Amino acid sequence: MATTSVMGGAVKRREDPALIKGYGSFVDDMTPTRVAHVAFLRSPIARAKITKLDTSAAKETEGVVAVYTHDDVSHLGPLLAQVPIGKLRPLLADGEVNHVGEAIAMVVAENRYAAQDAVDAIDVDYDVMTPVIDLKKAKSDEIKVHDELESNVLHTWTYHGYWDALGLEDQTAEVDAAMERDDAVVVSLEMTNQRLIPVAIEPRSVIADWNPGYGSFTIHSSTQVPHALGGAVSKMFGLKSTDVRVIAPEVGGGFGCKLNVYNDEILVAFASQALGRPVKWTETRREAAGATIHGRGWIGTATLVGTKDGEFLGYKLEAIADMGAYTQNFTVAIPLLGLWIASGQYKMPVSWTVDCVVTNTMTTDAYRGAGRPEAIYYLERVIDAYAREIGMDPLDVRVKNFWQPDEFPATMGCGFALDSGDYEGAVEKLKAEAGYEDLLQKREEARAEGRHVGIGIGSYVEVCGFGPAVLAEIGFSWANYGLPASFNGSGIVRVNPDATVTVVIGTGPTGQGHQTTWAQIVGDGLGIPVEDIKVLHGDTREHPMGIGTFGSRSLSVDGAATFEATKKVREKAARIAAHILEASADDIVFEDGGAHVAGSPDKRAEWAQIAKAAYQAHTSPEDLDSGLEAHTTFSPGNATWPFGTHLALVEVDSDTGDVKILDYYAVDDCGNVVSPMIVNGQVHGGIAQGIGQALFEDAVYDEAGNMLTGSLLDYPLPTAADLPSLHLSHTVTPTDVNPMGVKGIGEAGTIGSAHTIVNAVVDALSPLGVKHIDMPLRPKRVWAAIQEASN
Amino acid sequence: MTVNGQEVTADVEPRTLLVHFLRENLRLTGTHVGCETGYCGACTIHVDGQPVKSCTMLAAQADGATVTTIEGLAQNGELHPVQEGFWERHGLQCGFCTPGMIMSAAALLAENDNPSEDQIRHGIEGNLCRCTGYHNIVRAVEYAGAKVRGEEPPAPDWEGAS
């Protein structure tokens, strides 16, 4: 495979050589001199007053350096949050605990074994209280989780009322009126979109190193948002940003769970400052399950009303979303991401209400898709049930109600406009790729043999590329972390004196291959080989500003900024080349690793000459600043709205309830593609996580609030043997929201797949009368549904 | 024990896990810890030629054994075919599970250099990956198998896709 092709080419990843040889540098791989190790005492009880907390024995344990509790750190305040609706998390428990896994005390010791020994020596008594776990009970306020809050309902998101300034019309009456029509077909499904544990395979890890001489922190953390962490530390410790350097080196998967500033990061920094030595903490898998954010966790009823011939007349969702005990980064704002795509690819009135309730469980926040998989799941499941009800093909019913290509930009009832789309185009491609007619035939043949084969269809539109500066006006603001408020992207492109290029971006990879994609963008713009381009990310000293990697935003926002910075560098390089060649800058063209005068290929300046000239006053134009560098920020006017349609072919063993995925086809449209290899990789992984939710994963608290799925034994991830190879294809509908026409692909696979699988299983079992099964569709649950339908 | 061809000797606490010994005493940090319970497989190494999850073994149990970690897989600067396959077929994203996954796949191919897709999938099912959906890991192992057999690997499936 070529390594030098550029935009649209499959360039071998620049990050891979270190990683495949075992030399990638993750946080836990680092061991600074004199480092001390942290272990936390965490609550085994969901809700209790702490009646005794005695750390004296722990302090005497061999190898212990220090033990800290709430009073030692209370001066720092609670953990900062971006959308601070609800109760913010105390850094260490403040006389009470509100979920299993809540940190009560921090031990610092000479090694991790000694730290854990000391945790075991802490004497703590609890006055156990009745926890609030069930979402309906939480909403009822029968027991309040936090006395100081008015209600367990922290916020209610409604389709028309989420942002008063838009003056949106409430469409509820229109939806309700449609249900009363004589020709109305009304289909409702009560469904759970279960809580999930993100499970990045790399546990989170942080090393803080306070240098008492310089009065500054160097913090390495496994995070998606190093600048937010740096800002939070600056703010909480009262330091200048120049005295806090945060580095996110290799990050072993994030999926949203590393898109939070965590109390452990702040506490490790505190300990380092207090002790004047580096301090390190790496979470255990059990801590990852109970003290790193969860995702999803909704219950609700979706209702679709339409005519007998398949015309949608309205959609209604009434749901409750679980926020957990404490508000962290986005927590309460997650359902809003779903609200913006509540109507999916369809033109219809929407009534949408989601109550955000607090419970005695771990905080929920952004997990791959974040609000969007939930919203699309409810919509697309009920569309499927409606299609079955009226006896219409599930693809036909969707196509009948799509926004049409000439209607874009298409302003939805939520006030935002879908940027571009050809939804039917994706469906047509899917039909061709999957051989839809043949599959229908195959299903009928299988059914005739008594086999339970089903075809599931799932469409989606998502919102990503965050994003528009107006988000700050509705409470998404990085200002709480001491950063500029908005979600601007940024890129710095610098051609060095030896004609290598350094690119610095405000967003870093957790596996997405930024070093490769950004090298392609800049290499394409300058005509410099990707081998000579070094992409730096995740270091707050290298770049003054960065929002981070999440919400499928890196390429469409920070990539766009880098694209623009590259153009500026090329323009300046043209002026230098013109000076060298004694020509006009307007006549300079870049080709084959250098510049020449248009029409005179022999009149040529190589990049090496241009770069050197830029750094010598006597060889560059007098009116130009020295250096060859540009720093551009990019503020998108709108989010981007990728879309697609997926198809799954499944077979259910009615004796065991086992679901087998026979085939999976996906057509995704993320606009223009820089690297088809990386884009497909993102879709593969996204689909695997959607299948994981559909078939396997479930984060379970029992009634007493015990975490029942605290290990990978109890929380099964899909293995290689559980998944099929995937058939991916794409349509390309560029966006005009950014200059590259790219939309984002990180979450599409997840948003498109869970409902596709469930729709397929329900299709397989519909001849038996099964109408719905809640995820995860593990054999026991599927078997029970078959039994229930059969009896 | 012998690690990547080098004799190593050390006194350790009896409870020291082999993975901690490799990472902290020998500074061979390519072997990762993902779950400490033997489920994720990120810590997979070869002990006397067999794949072993090194978080489920005490360092003392490896006394006298021959250990190969990811750092010792490439020979004379040449990537192992499985490493090459992972690079050529985008078999890794974040790269955290990758060393363990490569060690398992290398052990699989050492036993059977022409595994079916099903055999590959079952051969690596003890190693969890959260990024790739395993699709390209399977392609990477197929690539490596072809290389081991001296055949031309199949073309990448993103080529020609539209």
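Tutor: Let's start with the labels: helices (H or I, at least four residues) and strands (E, at least two) are DSSP runs, numbered from the N terminus. Keep in mind, too, that this is a predicted model.

Student: Okay, let me try those labels on a loop. Where is A:Pro776 placed?

Tutor: In chain A, look between helix H19 (748-765) and helix H20 (779-790); A:Pro776 sits in the loop there.

Student: And what kind of peptide bond joins A:Met775 and A:Pro776?

Tutor: A cis one, with omega at about -5°. You can find another cis peptide bond between A:Phe408 and A:Pro409, where omega is also about -5°. A:Pro409 belongs to the loop that runs between helix H12 (394-401) and strand E16 (410-411) of chain A.

Student: Now helices. How are two packed helices described?

Tutor: By the angle between their axes and the distance between the axes. Try it on chain A: the axes of H16(A) and H17(A) come within 9 Å and cross at roughly 100°.

Student: How are H16(A) and H17(A) oriented to each other, then?

Tutor: Angles of 65 to 115 degrees count as roughly perpendicular, so H16(A) and H17(A) are roughly perpendicular to each other.

Student: Which residues in H16(A) and H17(A) meet?

Tutor: From H16(A) you have A:Ala573, A:Ile576, A:Ala577 and A:Ile580, and they meet A:Gln609, A:Ile610, A:Ala613 and A:Ala614 in H17(A). By class, that contact has seven nonpolar residues, one polar and no charged ones.

Student: Let me stay with helix H17 (residues 607-614) of chain A. Which of its residues are buried?

Tutor: A residue counts as buried if 20 or more other C-beta atoms lie within 10 Å of its own. In H17(A), the buried ones are A:Trp607, A:Ile610, A:Ala611, A:Ala613 and A:Ala614. They cover an arc of only 165° around the axis, so they lie on the same side of H17(A).

Student: And what do the buried residues of H17(A) pack against?

Tutor: Helix H16 (554-581) is one partner, and the others are strand E19 (489-495), strand E23 (594-597) and strand E24 (600-606), again in chain A.

Student: Can we do a helix pair in chain B? At what angle do the axes of helix H3 (residues 98-111) and helix H5 (residues 135-148) of chain B cross?

Tutor: At roughly 40°, with the axes coming within 11 Å. H3(B) and H5(B) are therefore oblique to each other. The crossing of H3(B) past H5(B) is right-handed. In this contact, B:Met101, B:Ala105 and B:Leu109 of H3(B) meet B:Ile137, B:Val141, B:Ala144, B:Gly145 and B:Val148 of H5(B). Seven of the residues are nonpolar, one is polar and none is charged.

Student: Next, backbone angles. What sign does phi have in B:Tyr134?

Tutor: Positive, near 70°, in a residue other than glycine. B:Tyr134 sits in the loop between helix H4 (117-123) and H5 of chain B. A:Arg34 is another non-glycine with a positive phi, about 65°, and its loop lies between H1 and strand E1 (36-42) of chain A.

Student: Is B:Tyr134 buried or exposed? And A:Arg34, buried or exposed?

Tutor: B:Tyr134 is buried, with 31 other C-beta atoms within 10 Å. A:Arg34 has 11 within that distance, and it is exposed.

Student: How many residues of chain A are in contact with chain B?

Tutor: 51 residues of chain A, and they contact 49 residues of chain B. Helix H1 (16-21), helix H18 (676-696) and strand E28 (727-730) of chain A each supply at least two residues to that side, and the largest share, eight residues, comes from H18(A). This side of chain A divides into 25 nonpolar, 18 polar and eight charged residues.

Student: One last loop residue: what does A:Gly744 touch?

Tutor: Setting aside residues up to four places away in sequence, A:Gly744 touches residues including A:Cys464, A:Ser552, A:Thr640 and A:Cys670. A:Gly744 is in the loop between E28 and H19 of chain A, and it is buried, with 28 other C-beta atoms within 10 Å.

Technical notes
Residues numbered from 1 in each chain as written. Chains lettered and ligands numbered in written order. Predicted model: local features only at pLDDT ≥ 70, side-chain atom pairs only at ≥ 80, totals over all residues. Buried ≥ 20, exposed ≤ 12 C-beta atoms within 10 Å, placed from the backbone. Arc of directions from axis to C-beta. Contact = placed C-beta atoms within 7 Å. Axes fitted to C-alpha atoms, helices over the stretch in contact; angles between N-to-C directions. Parallel < 35°, antiparallel > 145°, perpendicular 65-115°, else oblique. Left-handed = near helix turned anticlockwise from the far one by under 90°. Nonpolar A, V, L, I, M, F, W, Y, C, P; charged D, E, K, R; others polar.
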